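Colleague: Before I use these labels in my own notes, could you take me through the reasoning behind them?

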Amino acid sequence: MEISYVSVDLLKKGDWHSNYILRPDLLTLSVSLRENGFIYPILVRKEDNSIIDGYHRWMLVKDNEHFQKQFPQVPCVFKSCDSLEAAMMHLQINRGRGTLVAHLISRIIKDFIYSKKYTEEQIQALLSMKYDELQLLMDGTIIKKLNIQNHKYSRAWVPIEAPAGTVDKFETERPPNSDR
Amino acid sequence: MTRQRLFLDINCVEAARQRIRHVYDTFDTVCVQFSGGKDSTAVLLLAKEVHEERNLGPVKVIFRDEEMVSPLILEYIEYVRTRPWVDMEWYCLPQGSEIWVLGRRQSCILWSDARRKAGRLVREIPPFAITGHHFGLDNSKPLPQHIDYYTMQGKTGSVAFITGVRATESMIRYRSLVQKLHENYIVTPYKTKKGMPLKFAKVIYDWQTADVFKFITEEHGERYCEYYDRAAITSSNTRVGIPLHSVAIRRIGDVIATEPEFYDELYRCFPYMDAQYRYWPVLDVESIIRKYTKMGFSGASQFIDDYIIGPSKTKRAKSFVAEYRRKHVADPKSYTIYSLINSLFMHSLAISKAASPIGPKTKAHTMRELDSHEINDAEEGTNGN
């Protein structure tokens, strides 16, 4: 694999770009870029310098003065292909990225804390994580979430006949988020 | 029928203890219907208390294995099965089910021989399970009787299955629990053969989720299925069950968030389900419903042709439409074509579901009030098609 270093101004967004990174995740990517630099190159279509993979890292550098100073040139791998092949590669790479699993992240976060390698504040900063999320990952049990220790048992009830028009304000337990 | 709740001076746990003792006093055979979930764990522990008080030996437990059971739930059921105070009957019967993907529903038989031969069972039938073959049934056809008919075979006298159904789970469950005034929690199962001496006893009907977990962990010091901790971290649903039917699959993201390996197993057997996860959030459901609504009752037939796959579901859908049409003729305002297509698309088509009218103050009613012109115009031109 031949890596070339080029200015960000030479590159452009591919028409096939179909991946969206949410703002908190983009912040995490930005922290990673600042701390670690480009760990792997941007994949570019040789024929017209369109980005196949690495658009968000390119965008962060292009839109940020500090990054432009840090990375006057960015590492790229150029691939010769037609635009449909480039689009196919873009989809293959993005569909094949995988997804983070919360209970496994929780285990890693606990390791961070127990090892004292990172403080809670550092973890929050490095992973763009808010305090509540960190607490949940550090002690995420249903018992804690429902505050079972302080819960008092509900009162028992029986149904009775009521005059017509009576409204019994009964509430069902809904899932914590909508369909997903 | 108007009902309201009368709150008693005892807590729900004490009330449930009284109810379950009454069930044991009343019925010749009592079994716990166990799913591995938190609610059936709570009723199992209540039954354990009675068995210990009365020295009745192991608690009889029935587990209806629906094949698409998550690894965490299975691990927990295996833990329960091997407790010395549990006597579990594990059933793997060929029940009819469905796979619902972006509105298209396809019939599916749990544990079917055809899928087993093709290597597409989610898991193998456990060697100790009671299967369709034990009842002389062919696993390529869905059960001819309701599953309770099979699970109560061999039980003597009057039989009660204790279930973990709670009123707060849904309004349907709430209504089922306030219909009767005397022994409201002891009910006859739906669609069972006349004369079958079986009742369901819903002894924890008035419990909240927090009551269930407090009872399991503090009163019994017992463990619960690890799934619930993963659900807590990921804000996932705390109800467990088959994940691919018309309602559950809309939360398939919960499976990925909690047990991605389980998603992969489901995908191996039903690869077309992946489209649900990827495109459900952006599917324009409303425009699909409107498209068929505009075609009137012929739109319903067209919808069945386009969206329902397999003879049993098609038959059920057609009979649902026929019943709906009769009601529509008598009361077109309450039984609109929009609501018919919406039901065919989004709701369960189980045999127990009858066509229901659109009541005032429901979301569907409000939507129609706000946006009625286009639909009414379409329906006026197509009524009686």
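**Reasoning behind the labels**

Modeller: Let's start with Ser154(A) and Asp211(B), whose side chains are joined by a polar contact of 2.4 Å. Bear in mind that this is a predicted model.

Colleague: What makes the pair Ser154(A) and Asp211(B) a polar contact?

Modeller: The limit for such N or O pairs is within 3.5 Å, and the side chains of Ser154(A) and Asp211(B) come to 2.4 Å.

Colleague: Where does Ser154(A) sit, and which residues does Ser154(A) touch?

Modeller: Ser154(A) is in the chain A loop between α8 (142-145) and β6. Leaving out residues up to four places away in sequence, Ser154(A) touches Asn11(B), Cys12(B), Gln208(B) and Asp211(B).

Colleague: And why does Ser154(A) count as buried?

Modeller: Buried means under 20% relative accessible area. Ser154(A) has 15%, so the label is buried.

Colleague: How do you know that Arg166(B) and Glu173(A) form a salt bridge?

Modeller: The cut-off is within 4 Å, from a side-chain nitrogen of Lys or Arg to a carboxyl oxygen of Asp or Glu. Arg166(B) and Glu173(A) are at 3.2 Å, N to O, so they qualify. Arg166(B) belongs to the loop between β8 (159-162) and α6 (171-178) of chain B, while Glu173(A) is in the segment after β6 (155-161) of chain A, so this salt bridge joins two chains.

Colleague: Which of the words buried, partly exposed and exposed fit these two partners?

Modeller: Arg166(B), at 1% relative accessible area, is buried. Glu173(A) has 27%, so it falls between the 20% and 50% limits and is called partly exposed.

Colleague: Which residues share a salt-bridge network with them?

Modeller: Let me first add a salt bridge within chain B: Lys327(B) and Glu323(B), with closest N and O atoms 3.2 Å apart. As for the network, salt bridges with shared partners link Glu173(A), Lys38(B), Asp39(B) and Arg166(B). Over all chains, the count is 37 salt bridges.

Colleague: What separates Lys327(B) and Glu323(B) along the helix?

Modeller: Lys327(B) and Glu323(B) are four residues apart in helix α14 (residues 311-330) of chain B, so about one helical turn lies between them. Residues three or four places apart in an α-helix point the same way, because there are 3.6 residues a turn.

Colleague: What makes Glu52(B) and Lys48(B) a salt bridge, and where do they lie?

Modeller: Their closest N and O atoms are 3.4 Å apart, so the pair is inside the 4 Å limit. Both residues lie in helix α2 (residues 38-54) of chain B, four residues apart. Glu52(B) has 55% relative accessible area, so it passes the 50% mark and is exposed. Lys48(B), at 16%, counts as buried.

Colleague: Why is helix α2 (residues 55-62) of chain A called mostly covered?

Modeller: Because seven of its eight residues are buried, that is, under 20%. Among them are Tyr55(A), Trp58(A) and Leu60(A). The cover includes α1 (23-36), β3 (42-45) and α3 (65-70) of chain A.

Colleague: How do you know that β5 (residues 96-101) and β6 (residues 104-109) of chain B pair?

Modeller: Pairing takes at least two bridges, and six bridges join these antiparallel strands, so they pass. In β6(B), Arg105(B) stands opposite Trp100(B). The two strands form a hairpin with two residues between them, and Leu102(B) in the turn has a positive phi of about 50°.

How values were computed: Residues numbered from 1 in each chain as written. Chains lettered and ligands numbered in written order. Predicted model: local features only at pLDDT ≥ 70, side-chain atom pairs only at ≥ 80, totals over all residues. Heavy atoms only, no water. Buried < 20%, exposed > 50% of the residue type's maximum accessible area, 1.4 Å probe, protein only. Contact = heavy atoms within 4.5 Å. Polar contact = N/O pair within 3.5 Å; in protein donor to acceptor, adjacent residues only side chain to side chain.
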